[in-house]
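Colleague: I've just opened this one and don't know my way around yet. Can you walk me through it?

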Amino acid sequence: MKLQDLKKDAMKGDVHVAKKFSWQAAISRASGIKVHDDVKLLKKRIRKAKKRRTKNAEKWKERIEEQQKVKVEKQQNRSENIYDRIQEKKMRKI
């Protein structure tokens, strides 16, 4: 991406920028540093990251929905218990 952005700059020139990056990569490789410049692998990693993000978003959405269901069930149970207690109290009075 950096290479493409710099290529758009007319003052620096395409050839100069490409040579600079290729030399930097060669020097890094020679010194034992890993250079991540394989386009195929970079695209694969981007796709994998997007897929992971969408999966996490779906899981989060399911978690929120589950919490809402539990909350509604608890509220309903509580209101039923309160109603039952009131009815029980009325029956004792009678």
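Colleague: Which side chain does E88 meet in a salt bridge?

Modeller: That's R92. This is a predicted model, and in it the N to O distance for the pair is 3.4 Å.

Colleague: Where do E88 and R92 lie?

Modeller: Both are in helix α3, four residues apart, which is about one turn of the helix.

Colleague: Is E88 buried or exposed?

Modeller: In between. E88 has a relative accessible area of 48%, so it counts as partly exposed. R92 is at 63% relative accessibility, so R92 counts as exposed. The cut-off for exposed is over 50%.

Colleague: OK, how many salt bridges does the structure hold?

Modeller: Two. Besides E88 with R92, the side chains of R29 and D37 meet in one, at 2.8 Å from N to O.

Colleague: And how accessible are those two, R29 and D37?

Modeller: R29 has a relative accessible area of 45%, and D37 has 40%. That makes R29 partly exposed, and D37 is partly exposed as well.

Colleague: Let me zoom out. How many helices and strands does the protein have?

Modeller: Three helices and zero strands. Going along the sequence, the pattern reads α-α-α.

Colleague: What share of the residues is buried?

Modeller: Just 3% of the 94 residues in the protein. Buried here means under 20% relative accessible area.

Colleague: And how much surface does the protein expose?

Modeller: About 9,700 Å², with carbon and sulfur atoms supplying 56% of that.

Colleague: Switching to charge now. Which residues form the positive surface patch?

Modeller: That patch is made by K40, K43, K44, R47, K48, K50, R52 and R53. If you want a place to start looking, K43 sits in helix α3.

Colleague: What about negative charge, which residues gather in a patch on the surface?

Modeller: E58, E62, E65, E66 and E73 do. One of them, E65, is placed in helix α3, which covers residues 39–93.

Colleague: Why can E65 be in a patch at all?

Modeller: Patch members need over 30% relative accessible area and no salt bridge. E65 has 41%, so it clears that area cut-off while counting as partly exposed.

Colleague: So which helix should I go back to for E65 and K43?

Modeller: Helix α3: E65 is in it, K43 is found there, and the E88 and R92 pair lies in it too.

Note on methods:
Residues are numbered from 1 along each chain as its sequence is written. This is a predicted model: local features need pLDDT of at least 70, side-chain atom pairs count only at pLDDT 80 or more; totals for chains, interfaces and linings use all residues. Side-chain values use heavy atoms; hydrogens and water are left out. Patches are made of residues with over 30% relative accessible area and no salt bridge: like charges are joined within 9 Å, nonpolar side chains (Val, Leu, Ile, Met, Phe, Trp, Tyr) within 5 Å. Accessible areas come from the Shrake-Rupley method with a 1.4 Å probe; for residues, only the protein chains shown count as cover. A salt bridge is a side-chain nitrogen of Lys or Arg within 4 Å of a carboxyl oxygen of Asp or Glu. Lys and Arg count as positive and Asp and Glu as negative; His and the chain ends are not counted. The place of a charge is taken as NZ of Lys, CZ of Arg, CG of Asp or CD of Glu. Helices (H or I, at least four residues) and strands (E, at least two) are DSSP runs, numbered from the N terminus. Buried means under 20% relative accessible area, exposed over 50%, partly exposed in between (1.4 Å probe, protein chains only).
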